[in-house]
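Subject: Structure handover

Hi,

Here is the structure I promised to pass on. Please open it first, then read my notes below.

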Amino acid sequence: MYQRNKKDTGPDFTVYTKMTLHNNKEQLIRLQSGTFIITEDIFSNLGSVQLEGQDDPVSNEWEYKSQSGTWKKDPLFKLTPLDNPYPNSYMVYSSGLSARKYPEFFGFYNKTKYSCYDYPVYGKPNQSQKFLRLNSEKQWTLTKTELCKGGTIMKQNLKGSPFPHTSFPWQYYDYAAIAGKYEDDDQMMVYSADKNDATETAQITNSLLAIIVISPTVVIIIIIILGLFLLIQRRQKANAQETVNENPYYGEEDYEEEYQETAVVDNNDYYAM
């Protein structure tokens, strides 16, 4: 997926930068002629072109330029224009330590008019100094300012992602630590809250609700099991007491046998050590 790069776009061409997790310099360039070029260096007279393609207006199939300079059709080549891929809102959630230290930073974030490094900035509705954006290292962060530098409170341990990733951990800044440092929070996640992503959001929300619902259920089951165990123990003690009360000679036979055995042993004249 490529995103328009306004900074490098010229009067005769439009530059799109590849959105990737890695530090990729690959660019997609659209010339006025309608030809698209994929290159890694747009300032070297397109000398490092990797792919040059164009849409055939007759067959509506894409063509690519071969090494001999002729155009060949490729029915599998697709280049599809996209609507704005960025969600209008995000949900920030955690059941870990970050939520205890910074509870005011959790909840819904909506897209603002600001941007950082050509990526949108999100803010909490009706609250200042609560923003979700990229930092200078291209990490998604929760900050106190919409500006592109400074104020980082939490950050995702991932660089170059066009969106917050639900599979990578987040870190929060621990002021209580010596000299301050970032600590991991494996329970924290940021996910799209748009209606178009309702299925994914519902799955995540249902998982979170399941954790919340299951926990008290497990506690109740444990209490019931302990109660039954104590009831059985009390019943067994009561039955034992009834047996003693009904038999006044309970235990005397064992005492008599022990006495007789001891008497026999004591009648011996010799002992070996």
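Start at Cys-116. Cys-116 is buried, with a relative accessible area of 0%. Please keep in mind that this is a predicted model.

**The disulfide**

What does Cys-116 join to? Its disulfide partner is Cys-148, with an S to S distance of 2.3 Å. The structure holds one disulfide, and this is it. The link spans distant parts of the chain, 32 residues apart. Cys-116 belongs to strand 9, residues 107–116. Cys-148 sits in the loop between strand 12 (140–143) and strand 13 (152–156). Cys-148 is partly exposed, at 25% relative accessible area; buried would need a value under 20%. The S-S torsion is about -105°, so the disulfide is left-handed.

**The sheet**

Strand 9 is one of nine strands in an open sheet. The order is 15-14-13-12-11-10-9-8-16, and the pairing is antiparallel. Which strands stand at the edges? They are strand 15 (181–185) and strand 16 (189–192). Each has a single partner strand, so one side of each is left without a neighbour in the sheet. From one strand to the next, the twist averages 30°.

Now look at the two strands that flank the Cys-148 loop. Strand 12 and strand 13 pair in the antiparallel sense, over three bridges. Thr-143 has its bridge partner in strand 13, namely Thr-152.

**Salt bridges**

How many salt bridges does the structure hold? There are four. Here are notes on some of them.

- Glu-63 and Lys-73: the closest N and O atoms are 3.4 Å apart. This pair also links distant parts of the chain. Glu-63 is in strand 6 (residues 62–65), Lys-73 is in strand 7 (residues 71–73), and they are 10 residues apart. Glu-63 counts as buried at 13% relative accessibility. Lys-73 counts as partly exposed at 42%.

- Lys-101 and Asp-174: the closest N and O atoms are 3.5 Å apart. Lys-101 lies in helix 1 (residues 97–101) and Asp-174 in strand 14 (residues 170–174), so the salt bridge ties together parts that are 73 residues apart in sequence. Lys-101 is partly exposed, at 40% relative accessible area. Asp-174 is buried, at 11%. Strand 14 is in the open sheet too.

- Lys-181 and Glu-183: here the closest N and O atoms are 3.5 Å apart. Lys-181 counts as partly exposed at 44% relative accessibility. Glu-183 is partly exposed as well, with a relative accessible area of 23%. For the setting, recall that strand 15 covers 181–185 and stands at an edge of the sheet.

**The loop around Ser-68**

Go back to strands 6 and 7, which hold Glu-63 and Lys-73. Ser-68 lies in the loop between these strands. Is Ser-68 buried or exposed? Ser-68 counts as exposed, at 61% relative accessibility; the cut-off for exposed is over 50%. The Ser-68 side chain makes a polar contact with the side chain of Ser-66, at 3.0 Å. A polar contact of 3.2 Å joins the side chains of Ser-68 and Thr-70.

**Where to look**

Three stops cover these notes. View the disulfide between Cys-116 and Cys-148. Then follow the sheet from strand 15 across to strand 16. Finish at Ser-68, in the loop between strand 6 and strand 7.

Best wishes

Note on methods
Residues numbered from 1 in each chain as written. Predicted model: local features only at pLDDT ≥ 70, side-chain atom pairs only at ≥ 80, totals over all residues. Heavy atoms only, no water. Salt bridge = Lys/Arg side-chain N within 4 Å of Asp/Glu carboxyl O. Helix = DSSP H or I, 4+ residues; strand = E, 2+ residues; numbered from the N terminus. Buried < 20%, exposed > 50% of the residue type's maximum accessible area, 1.4 Å probe, protein only. Polar contact = N/O pair within 3.5 Å; in protein donor to acceptor, adjacent residues only side chain to side chain. Disulfide = S-S within 2.5 Å. Pairing = 2+ DSSP bridges. Axes fitted to C-alpha atoms, helices over the stretch in contact; angles between N-to-C directions.
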